Amino acid sequence: MTRRKVKLAFIVNNSSRKTTYKKRKRGLLKKAHEILTLCGIYAGAIIYSPYDPTPEVWPTVEGMKQVITTFRNLPEIDRHNNMFNQQEFVQQRITKADKLLLKKKKDNREVNLTEDMYRFLQIGQLTIPAGARDLNDLGYLVDQYLNSLNRRIQILKGGSDVEI
């Protein structure tokens, strides 16, 4: 059977909802068992169900008590180290995306300025808007290229111990 995107919505049909619940519960408990087996990380699950009056506890009630006790015995800083609520998680993702966006903008600007510099060298005309910031950035880029060329020339002449 192929996997497909599941529409997250309340399942109206009671028997279908109960079947889906049982499958999801089995999958969740299997994942918890795999974490324990493959990674050696103690995990537990407490599942409350409208279909069962008592909650289901995995691996056992004693095992779950041990996991909770181990968690509670951790120092406060370790306990909350990687915990997120929904808002903190979204904020962290937005911050990461903003940093990536700034990096991409900087890279694009440098590529555009490099293209403009080479176009100027070929045509002899400056085709970028003559704003002070653009000219300063272009001058900085030209200086960087000149410094790089001077370093290479010095290395090739044998004036430095650094290799290319």
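This short presentation describes the fold, the two leading pockets and one buried threonine of the structure shown above.

Good morning, colleagues. Please keep in mind throughout that this is a predicted model.

I begin with the overall architecture. The protein contains five helices and two strands. Followed along the sequence, these elements are arranged in the pattern α-β-β-α-α-α-α. The chain has 164 residues, and 12% of them count as buried. The accessible surface amounts to about 14700 Å², and carbon and sulfur atoms contribute 56% of that area. As for contacts, if we take those in the protein with a separation of 6 or more, 35% are made between residues 24 or more positions apart.

I turn next to the pockets. Rolling a probe the size of a water molecule over the atoms shows where empty space is left. In this model, the largest pocket encloses about 770 Å³. Which residues lie nearest the centre of that pocket? They are R4, V6, T20, K23 and R24, from a lining of 15 residues in total. By class, that lining comprises seven charged, six nonpolar and two polar residues.

The second largest pocket holds about 210 Å³ of space. Its lining is made up of 10 residues, with K106, R109, E110, L113 and D137 closest to the centre. Two helices should be named here: α4, spanning 86-123, and α5, spanning 132-157, each provide at least two of the lining residues. Six residues of this lining are charged, three are nonpolar and one is polar.

Finally, I would like to consider a single residue, T114, which belongs to helix α4. Is T114 buried or exposed? Its relative accessible area is 14%, and because the cut-off for burial is under 20%, T114 is classed as buried. What does the side chain of T114 reach? It approaches the backbone oxygen of E110, at 2.7 Å. E110, you will recall, is among the residues closest to the centre of the second largest pocket. Leaving aside residues up to four places away in sequence, T114 also touches L141 and Y145.

To review, we have seen a predicted model with five helices and two strands. Its largest pocket has a volume of about 770 Å³, and its second largest pocket draws lining residues from α4 and α5. Within α4 we find T114, whose side chain reaches the backbone oxygen of E110. Thank you for your attention.

Note on methods:
Residues numbered from 1 in each chain as written. Predicted model: local features only at pLDDT ≥ 70, side-chain atom pairs only at ≥ 80, totals over all residues. Heavy atoms only, no water. 1 Å grid on protein atoms, 1.4 Å probe; cavity = no way out; pocket = protein on both sides within 12 Å on 5 of 7 lines; lining within 4 Å. Points joined across faces, edges and corners; volume = space filled by probe spheres on them. Nonpolar A, V, L, I, M, F, W, Y, C, P; charged D, E, K, R; others polar. Helix = DSSP H or I, 4+ residues; strand = E, 2+ residues; numbered from the N terminus. Buried < 20%, exposed > 50% of the residue type's maximum accessible area, 1.4 Å probe, protein only. Polar contact = N/O pair within 3.5 Å; in protein donor to acceptor, adjacent residues only side chain to side chain. Contact = heavy atoms within 4.5 Å. Areas by Shrake-Rupley, 256 points an atom, 1.4 Å probe, with all protein chains shown as cover.
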